[in-house]
Amino acid sequence: MASVFNTLAMVMRIGRLGILYNSKEVNSVIQKEEVEKFQNEFRYELVASPIESVNHISDALQRLVDARVDAVLLPSDSLIKANADSIVLHLNKNKIPTIASIPDMVRDNKAFIGLGPDYFELGKVAAYKVLAILGGEKPNSIPSSPLERLHITVYLTTAKEIGVNVPVQILRISTVVK
């Protein structure tokens with residue numbers, strides 16, 4: 001998560017960060033709690049807006065708009081991914097940048113920026129671990145290893161529509177969707 005905020009600091013100033021998260025999905029809650037931990041270090045105020053079902057999305061988005069957040073983080077969450085078209089459309093109409101933890105949400109749903117794992121690289125790491133286990137290593141002896149690099153995807157049309165200029169140094173290391 002620190003890599004995400006270091007990258008975002010090069011792109012925009014975030015004083016109030018919104019997060020739309022599924023309070024019934026453990027993965028989503030963990031991501032929200034991790035983002036909470038970085039508030040002091042990266043100097044933003046977190047505005048959390050929980051959802052429990054598709055019926056809560058509209059109200060949760062409106063809370064974020066009313067709170068005048070500078071950007072909204074969308075964690076990797078099945079409910080959010082399944083409803084990403086309407087979520088991102090609503091935020092884009094309100095000129096609120098979307099930061100997707102699932103990079104494919106940039107290409108598929110027109111989110112502004114995706115900062116997350118390269119799933120191909122993640123698959124390779126998993127495959128090496130499976131091979132080690134099949135080769136006789138005990139699963140608990142194989143260390144956890146996060147990916148070294150963050151995959152950045154930027155949707156230039158969305159950036160233009162919401163009024164964010166992405167620095168060239170970020171575009172050079174990003175997958176750019178036009």
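## Helix 1 and its buried side

Helix 1, which spans residues 2–11, has these buried residues: Val4, Phe5, Thr7, Leu8 and Val11. Around the helix axis they cover an arc of only 160 degrees, which puts them on the same side of helix 1. Please keep in mind as you look around that this is a predicted model.

## The sheet

Let's turn to the strands. Seven of them form an open sheet, and their order is 2-1-3-4-5-6-7, with mixed pairing. At the edges stand strand 2 (45–51) and strand 7 (175–177); each has a single partner strand, so one side of each is left without a neighbour in the sheet. From one strand to the next, the twist averages 20 degrees.

As a reminder, strands of a sheet pair through backbone hydrogen bonds, and the pairing is either parallel or antiparallel.

## Strand 3 and its two partners

Strand 3 (residues 71–74) is a good place to zoom in. With strand 1, strand 3 pairs in the parallel sense over three bridges. Strand 3 also pairs with strand 4 (residues 98–100), again in the parallel sense and over three bridges.

Val72 is a handy residue to follow here. Gly18 has Val72 as its bridge partner in strand 3, while Val72 has Thr98 as its bridge partner in strand 4.

Are the faces of strand 3 covered or uncovered? Both are covered: Ala71 and Leu73 lie on one side, Val72 and Leu74 lie on the other, and all four residues are buried.

## Helix 2 and Lys32

Helix 2 lies across three strands, namely strand 1 (16–22), strand 2 and strand 3. Relative to strand 1, helix 2 runs at about 165 degrees.

Within helix 2 (residues 26–37) you will find Lys32. Is Lys32 buried or exposed? The relative accessible area of Lys32 is 12%, and the cut-off for buried is under 20%, so Lys32 counts as buried.

Which residues is Lys32 in contact with, once its neighbours within four places in sequence are left aside? They are Ile19, Tyr21, Leu46 and Ala48. Ile19 and Tyr21 fall within strand 1 (16–22), and Leu46 and Ala48 fall within strand 2 (45–51). Both of these strands are among those that helix 2 lies across.

Methods
Residues are numbered from 1 along each chain as its sequence is written. This is a predicted model: local features need pLDDT of at least 70, side-chain atom pairs count only at pLDDT 80 or more; totals for chains, interfaces and linings use all residues. Side-chain values use heavy atoms; hydrogens and water are left out. Helices (H or I, at least four residues) and strands (E, at least two) are DSSP runs, numbered from the N terminus. Buried means under 20% relative accessible area, exposed over 50%, partly exposed in between (1.4 Å probe, protein chains only). Contact means heavy atoms within 4.5 Å. Two strands pair if DSSP finds at least two bridges between them. Axes are lines fitted to C-alpha atoms, for helices over the stretch in contact, and angles run from 0 to 180 degrees between N-to-C directions. The arc is that of the directions from the helix axis to the C-beta atoms.
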